[in-house]
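Subject: A structure for you to look at

Hi there,

Here is the structure I promised to send over. Have a look at it first, and then read on for what turned up.

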Amino acid sequence: MSETDDVGCEQALKRLVEFVDHELPDSEHDSVEQHLRICRNCCSRMEFESRLKERLSALSTEDVSPTARDRIRNLIKKF
Amino acid sequence: MTISKEAFETQVLAILGPLHGVARRLTNNEADAEDLVAESITRAWQARASLADAGAFRAWVFRILNNTFISERRKTLARPREELLVDESGDEEGAFSIFERLHQPFLLWFANPEQEFLDKLLREDLDRALAALPEHYRVVVVLADVEGLTYGEIAEALDVPVGTVRSRLARGRNALQRTLWTVARDHGLQMSRAAGTRG
């Protein structure tokens, strides 16, 4: 990709959230990624948004109390 | 083909943690969350014939959970339906970004105040900020950022277009960052950050 193909900060920031969420079509994802390689400021912002998303993702709990799990098992048994 | 009882149980138990997590954040109460999950699973079993695609089980159950929450709350509050409809018209407070508040482009490469800010936030700060979000934003942020559903799955779970998911997510994250900023100010984090970066 040549420098003239760069999407620029405005377009990259507009798509940054969807980039972090992996919701962009491949071609747009690649364009934003290319811009992030050459723009320190946008890259820092992407790292911040990714880290915030990671912190939120860490709140997800796979664990459920044995009592709650048994309640659901017993419930389904009765179906 | 309708899902078998064994397959239904296996799939439910595989997502029981996220189901409880979302239910807890909707009800803000452990006992109510357990009741909501149990009622949703009962309704899901009764409606199993409506599960068109076995691969979409997670979004389908979240949709039933969300609908069950709305209908149960409606009964409890005994409010007319109109009051429970989402009104986002007054929610525009303008964009807010913690990054823009803290980032200093001319700092040395190893100084990173915005990342340090995130590192200093406690799990409780994030829980509190999520709980403070208006419900129609909280559920989208929780499904996307805490439970990792795709935009398509969230649209299916909430029965709204993907465009609505995008706009609620943008506004919800905006509101979340605004709240986190306030939480941080209350904890004195911003001031320590400023002191640490100006020296």
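The lining of the largest cavity in this predicted model is made up of five nonpolar, one polar and five charged residues. The space inside that cavity comes to about 100 Å³. If you want to find the cavity on your screen, look for its lining residues: from chain A these are A:Val17, A:Val20, A:Asp21, A:Glu49, A:Leu52, A:Lys53 and A:Leu56, and from chain B they are B:Asp145, B:Arg173, B:Leu176 and B:Gln177. Two or more of the lining residues come from each of H2 and H4 of chain A and helix H11 (162-187) of chain B. Which element gives the most to this lining? It is H4(A), with four residues.

How many cavities of 30 Å³ or more are there? The count is two. The second largest has a volume of about 30 Å³, and its lining has seven nonpolar residues, one polar residue and no charged ones. The residues around it are B:Val22, B:Leu26, B:Phe62, B:Leu65, B:Asn66, B:Val139, B:Leu143 and B:Leu158. In chain B, helix H2 (16-27), helix H4 (57-77) and helix H9 (135-146) each provide at least two of the lining residues, with H4(B) giving the largest share, three residues.

Now for the place where the two chains meet. Chain A brings 34 residues to the contact and chain B brings 50. The size of an interface is often given as the accessible area lost when the parts come together. Here, about 3700 Å² is buried between chain A and chain B, and carbon and sulfur atoms give 56% of that area.

There are charged and polar links to look for as well. Eight salt bridges cross the interface of chain A and chain B. A nice one to start with joins the side chains of A:Glu18 and B:Arg166, at 2.2 Å from N to O. Between the two chains, 23 residue pairs are in polar contact, with both residues at pLDDT 80 or more.

On the side of chain A that touches chain B, helix H2 (16-20), helix H4 (40-57) and helix H5 (66-77) each supply at least two residues. H4(A) gives the most to this side, with 13 residues. By class, this side of chain A has 12 nonpolar, six polar and 16 charged residues.

Happy exploring, and write back with any questions!

Best wishes

Notes: Residues numbered from 1 in each chain as written. Chains lettered and ligands numbered in written order. Predicted model: local features only at pLDDT ≥ 70, side-chain atom pairs only at ≥ 80, totals over all residues. Heavy atoms only, no water. Contact = heavy atoms within 4.5 Å. Buried area = accessible area lost by both parts, 1.4 Å probe. Salt bridge = Lys/Arg side-chain N within 4 Å of Asp/Glu carboxyl O. Polar contact = N/O pair within 3.5 Å; in protein donor to acceptor, adjacent residues only side chain to side chain. Nonpolar A, V, L, I, M, F, W, Y, C, P; charged D, E, K, R; others polar. 1 Å grid on protein atoms, 1.4 Å probe; cavity = no way out; pocket = protein on both sides within 12 Å on 5 of 7 lines; lining within 4 Å. Points joined across faces, edges and corners; volume = space filled by probe spheres on them.
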